[in-house]
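I set out to record what can be read from the coordinates alone. The entries follow in the order in which I looked things up.

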Amino acid sequence: MKAVFINASPRKNANTHHLTRALAEELAAHFQGEFLDLMQYRVLRCLGDQTCRERKQCCQEKKDDMAMLCERLAGADLIVFGSPVYFSNVSGLAKDFIDRTLPIYYQRLLKGKMGTSLVTNSGEGGLMAEHSLMEFFKLHNMITIRGIVCTGRHPGEAMDREENIRRVKQLAERILEAAVHPVPAPAGS
Ligand SMILES: Cc1cc2nc3c(=O)[nH]c(=O)nc-3n(C[C@H](O)[C@H](O)[C@H](O)COP(=O)(O)O)c2cc1C
């Protein structure tokens, strides 16, 4: 099986970067992992014209890397969405990326895939970020796996905290359980 690990932190040596890699290691025996560190790509903001509904591609198709990134999502069995918590929600980078998945939302290309979240805060406000990511998965008709909220303020600090490592292992167990005992995708258009 294939897993895509999204890191939507804009900073270097990010906690989200390290935690997604730690999760990938836990899953390595069952999932071939690919890392999408969004800051390494050009992701323009959605312009909202919604012509992608008929055209099946974004009006900015040739201007950035989103078409390629969407292809990566469509080729995965599991999407792990990692984001830092910014003002109780996901980062702006994560939200721009989410909005730009509208063309593949219209084509239902993520239907039936597994999705989970890994959010990192410095002490408060992870639940809304987690909720936003779960709603993203549900709107794409994906199978949701309850995510984790990890804590760490400074770059890389989250890896020094045992409770974060424990949460990563728990999430890996939940993912493997869902992958071994898959449930049907939610009904919907
Ligand atoms: C713009 C901004 C907003 C933030 N808002 C919150 C917040 O609401 N709650 C919180 O606990 N931490 C907040 N933080 C701290 C980050 O979530 C925290 O440092 C986290 O470890 C960053 O993850 P990263 O290393 O993967 O970038 C904020 C940081 C920034 C830059």
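Entry 1, burial and overall form. I looked up burial over the whole chain: of its 189 residues, 41% count as buried. I note that the model is predicted. The radius of gyration came next: the chain has 16 Å, and this agrees with the value near 16 Å that a compact globule of 189 residues would have. Along the principal axes, the C-alpha atoms fill a box of roughly 50 × 35 × 25 Å. I then turned to contacts with a separation of 6 or more, and found that residues 24 or more positions apart account for 77% of them.

Entry 2, secondary structure. I find seven helices and five strands in the chain. Their order along the sequence is β-α-β-α-α-β-α-α-β-α-β-α.

Entry 3, helix α3. I asked which residues of α3 are buried. In this helix, residues 66–74, they are M66, L69, C70 and L73. They lie on the same side of α3, because the arc they cover around the axis is only 100 degrees. I recall that an α-helix has 3.6 residues a turn, so residues three or four places apart point the same way. M68 and E71 are exposed, on the face of α3 turned away from its buried side. I then looked up the packing partners of the buried residues of α3, and these are the strands β1 (2–7), β2 (32–37) and β3 (78–84), together with helix α5 (102–106).

Entry 4, the ligand shell. I count 19 residues around the ligand, and S9, A14, T16, P84 and N121 are the closest. Two elements, α1 (15–27) and β4 (114–121), give two or more residues to this shell. By character, the shell residues divide into six nonpolar, 10 polar and three charged.

Entry 5, backbone angles. I bear in mind that most residues other than glycine have a negative phi. I therefore looked up the angle at K56, which is not a glycine and has a positive phi of about 65 degrees. K56 sits in the loop between α2 (52–55) and α3. I list K56 as exposed, because 12 other C-beta atoms lie within 10 Å and exposed residues have 12 or fewer. N141, also not a glycine, has a positive phi of about 60 degrees. Its place is the loop between α6 (127–139) and β5 (143–151). Is N141 buried or exposed? N141 is partly exposed, with 18 other C-beta atoms within 10 Å.

Terms used. Residues are numbered from 1 along each chain as its sequence is written. This is a predicted model: local features need pLDDT of at least 70, side-chain atom pairs count only at pLDDT 80 or more; totals for chains, interfaces and linings use all residues. A residue is near a molecule or strand if its C-beta atom, placed from the backbone, lies within 6 Å of it. Helices (H or I, at least four residues) and strands (E, at least two) are DSSP runs, numbered from the N terminus. Ala, Val, Leu, Ile, Met, Phe, Trp, Tyr, Cys and Pro count as nonpolar, Asp, Glu, Lys and Arg as charged, and the others, Gly among them, as polar. A residue is buried if 20 or more other C-beta atoms lie within 10 Å of its own, exposed if 12 or fewer, and partly exposed in between; C-beta atoms are placed from the backbone. The arc is that of the directions from the helix axis to the C-beta atoms. Two residues are in contact if their C-beta atoms, placed from the backbone, lie within 7 Å. The radius of gyration is taken over C-alpha atoms; the globule rule is 2.2 Å times the number of residues to the power 0.38.
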